[in-house]
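Student: I would like a close look at a single part of this model. Please take one strand and work outward from there.

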Amino acid sequence: MQYKRLGTTGMKVSPLCLGTMTYGTPEWREWVLDENASRPFIKKALDAGINFFDTADMYSLGESERVVGKALLDYADREDFVLASKVYNPMGDGPNNRGLSRKHIMHAIDASLTRLGTDHVDLYQIHRFDYDTPVEEFMEALHDVVKAGKARYIGASSMYAWQFAKCQEVAERNGWTKFVTMQPMVNLVYREEEREMLPLCADQGVGVIPWSPLARGVLAGKKQGADGESKRSQTDNNTEKWQLGAAESDEKVIAAVREVAEARGVSMAQVALAWVAGHPHVTAPIVGASKTRHLDDAIAALDIELSADEREKLEAPYVPHRIAGHE
């Protein structure tokens, strides 16, 4: 495993990050694996050299953090893995159990650390931009989290480039901690972040850790909706909401992925992930795994170097899409 610097920090991460929304309790979503079913995937990732793990307080309403934190600490020394979590989404019915107010951030980080079983996270990310809280308020609160030793670095997720730039400018102007990562949705059927966000991150030395590199399985050739082969594909309405794979151009992209995969004798998932992992602005795509082959495909994708002709074939059918995933 060849490790990479996370942005301009000195911290080294694997070129794959294991996303852990799938691990927690099926009481939250029926496709989520419980603790006993989750642990083998975390162990397998560690054994393969993956040292980067991404969770969030909202996943299984905290149970994912508990399951993931316990497994990691059972299987590895704390200094040997990079642990990321997130704050923003509702954790209860009350008006202050969500968002990026100072009140919620300070409560949320302590609650996350308790569930994770550690005194710090390596990367604490805002799950989305908060339109109801002044940027100055949440950037100072995040700075205070870092200065309290509860997080080593901070990051952000899907938002408009102007919003991300504003957050960074406010932090720099006040001498506060700046974001070192951006977690946007990037895949072969959704490439809108290539217009502004990815160039901004490249210019500013911000690490990019994309989510949904397989477009919820669309780029792995999986059917979605009632005819889907998994509970998640049958019940996850985000695929439809974000219209992943719905456009005529998307069908051409998917066909190109299939063609390249068949020519190489590998899975579609490997080709689609190899494209994201090989993107010049990407540090480490975030992959999910609920079956052993999902993790095997992700690891195998790292050995695939797409040719210029293959990349052209995969990219050529793309047309502009409406912005998705920022809500």
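Student: Which unit do S5, helix H3 (residues 102–116) and S6 make? Please build the picture around S6 from there.

Tutor: This is a predicted model. S5, helix H3 (residues 102–116) and S6 make a β-α-β unit, and that unit is right-handed.

Start with S6 itself. Strand S6 covers residues 121–126. It is mostly covered, with six of its six residues buried.

Now look at the S5 side. Strand S5 spans residues 82–87 and is joined to S6 by four bridges. The two strands run parallel. One pair to find on screen is Ser 85, which stands opposite Tyr 124 in S6. Tyr 124 turns up again in the core: it is listed with Phe 138 and Met 139 as having the most contacts inside the largest nonpolar core. That core has 84 residues.

Turn to the S7 side. Strand S7 (residues 151–157) runs parallel to S6, and five bridges join the two. Two pairs help you line them up. Val 121 stands opposite Ala 151 in S7. Ile 126 stands opposite Ala 156 in S7. The connection from S6 to S7 involves helix H4 (residues 135–147), and S6, H4 and S7 make a right-handed β-α-β unit. S7 is mostly covered too, with five of its seven residues buried.

Phe 138 deserves a stop. Leaving out residues up to four places away in sequence, Phe 138 touches Ile 126, Leu 100, Ile 105, Phe 129, Asp 130, Thr 133 and Cys 167. Apart from the largest core lies another one, of twelve residues. Leu 6, Met 11, Val 13 and Ile 286 are among them.

Go one strand further. S7 pairs with strand S8 (residues 179–183) over four bridges, in the parallel sense. Here Ile 154 has Phe 179 in S8 as its bridge partner. Helix H5 (residues 161–174) joins the pattern: S7, H5 and S8 make a right-handed β-α-β unit.

Now step back to the whole sheet. Eight strands form an open sheet, and the pairing is parallel. The order reads S9-S8-S7-S6-S5-S4-S3-S10. Strand S9 (207–208) and strand S10 (286–287) stand at the edges, each with a single partner strand, so one side of each has no neighbour in the sheet. Helix H3 packs on the sheet, where it touches S5 and S6. Its direction makes about 140 degrees with that of S6.

On the other side of S5 in that order come S4 and S3. Strand S3 (residues 17–19) pairs with strand S4 (residues 52–54) over two bridges, again in the parallel sense. Leu 18 has Phe 53 in S4 as its bridge partner.

Finish with Thr 283. This residue sits in the loop between helix H10 (268–277) and S10. Thr 283 has a relative accessible area of 9%, so it counts as buried. Setting aside neighbours within four places in sequence, Thr 283 is in contact with Lys 4, Arg 5, Leu 6, Gly 7, Val 13, Pro 15, Gly 207 and Val 208.

How values were computed: Residues are numbered from 1 along each chain as its sequence is written. This is a predicted model: local features need pLDDT of at least 70, side-chain atom pairs count only at pLDDT 80 or more; totals for chains, interfaces and linings use all residues. Side-chain values use heavy atoms; hydrogens and water are left out. Buried means under 20% relative accessible area, exposed over 50%, partly exposed in between (1.4 Å probe, protein chains only). Two strands pair if DSSP finds at least two bridges between them. A crossover is right-handed if, with the strands pointing away from the viewer, the path from the first strand over the helix to the second runs clockwise. Contact means heavy atoms within 4.5 Å. Axes are lines fitted to C-alpha atoms, for helices over the stretch in contact, and angles run from 0 to 180 degrees between N-to-C directions. A nonpolar core is a set of buried Ala, Val, Leu, Ile, Met, Phe, Trp, Tyr and Cys residues joined through side-chain atoms within 4.5 Å.
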